[in-house]
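Please look through the structure below with attention to one residue and its surroundings, then to a pair of helices, and last to the confidence of the model.

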Amino acid sequence: YGDHRDLHSFPTRRSSDLLRRMRVAPGLQGRGIGRNLLALLEGTAMKHGCEKIKLDTTVNQKAAQALFTSSGYVETGRESKGGPLESIFYTKVLRAS
């Protein structure tokens, strides 16, 4: 649902990667699918040498914010580009540099 990135397309030996637009269909939310998908993406990234993942969401996406913080992501900043929604940026270190 929405945009996705092929799990096998991670570049090798890249220190960080950006995860964009991870979504779970509304009728399937609340079943742990997002948490499992995030863990799978993190594991795949680590296998390909990625040391951290950066991602973002908006202030109105409370479930996403809760998922990211409970999964070890740290808020690194906020930005509003003049629109009604403020973006929240997160980073998680997967492996010590």
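Thr-57 is buried, because its relative accessible area is 8% and the cut-off for buried is under 20%. In this predicted model, Thr-57 belongs to strand β2, which covers residues 52–58. Once neighbours within four places in sequence are set aside, the contacts of Thr-57 are Ala-64, Gln-65, Phe-68, Glu-86, Ser-87, Ile-88 and Tyr-90.

Phe-68, one of the residues that Thr-57 touches, also takes part in a contact between two helices. Two packed helices are described by the angle between their axes and by the distance between those axes. Here the pair is α1, residues 33–47, and α2, residues 62–70; their axes come within 11 Å and cross at roughly 45°. That angle makes α1 oblique to α2. The crossing of the two helices is right-handed.

Which residues of α1 and α2 make the contact? From α1 they are Gly-34, Arg-35 and Leu-38, and from α2 they are Leu-67, Phe-68 and Ser-70. Sorted by class, the contact of α1 with α2 has three nonpolar residues, two polar residues and one charged residue.

How far the model can be read depends on the confidence scores. The average pLDDT of the protein is 83, and 82% of the residues score at least 70. Over residues 1–8, however, the pLDDT is below 50, although this stretch has 15 contacts in the model beyond near neighbours in sequence. Where pLDDT is low, predicted coordinates should not be read in detail.

Terms used. Residues numbered from 1 in each chain as written. Predicted model: local features only at pLDDT ≥ 70, side-chain atom pairs only at ≥ 80, totals over all residues. Heavy atoms only, no water. Axes fitted to C-alpha atoms, helices over the stretch in contact; angles between N-to-C directions. Helix = DSSP H or I, 4+ residues; strand = E, 2+ residues; numbered from the N terminus. Parallel < 35°, antiparallel > 145°, perpendicular 65-115°, else oblique. Left-handed = near helix turned anticlockwise from the far one by under 90°. Contact = heavy atoms within 4.5 Å. Nonpolar A, V, L, I, M, F, W, Y, C, P; charged D, E, K, R; others polar. Buried < 20%, exposed > 50% of the residue type's maximum accessible area, 1.4 Å probe, protein only. pLDDT = per-residue confidence, 0-100.
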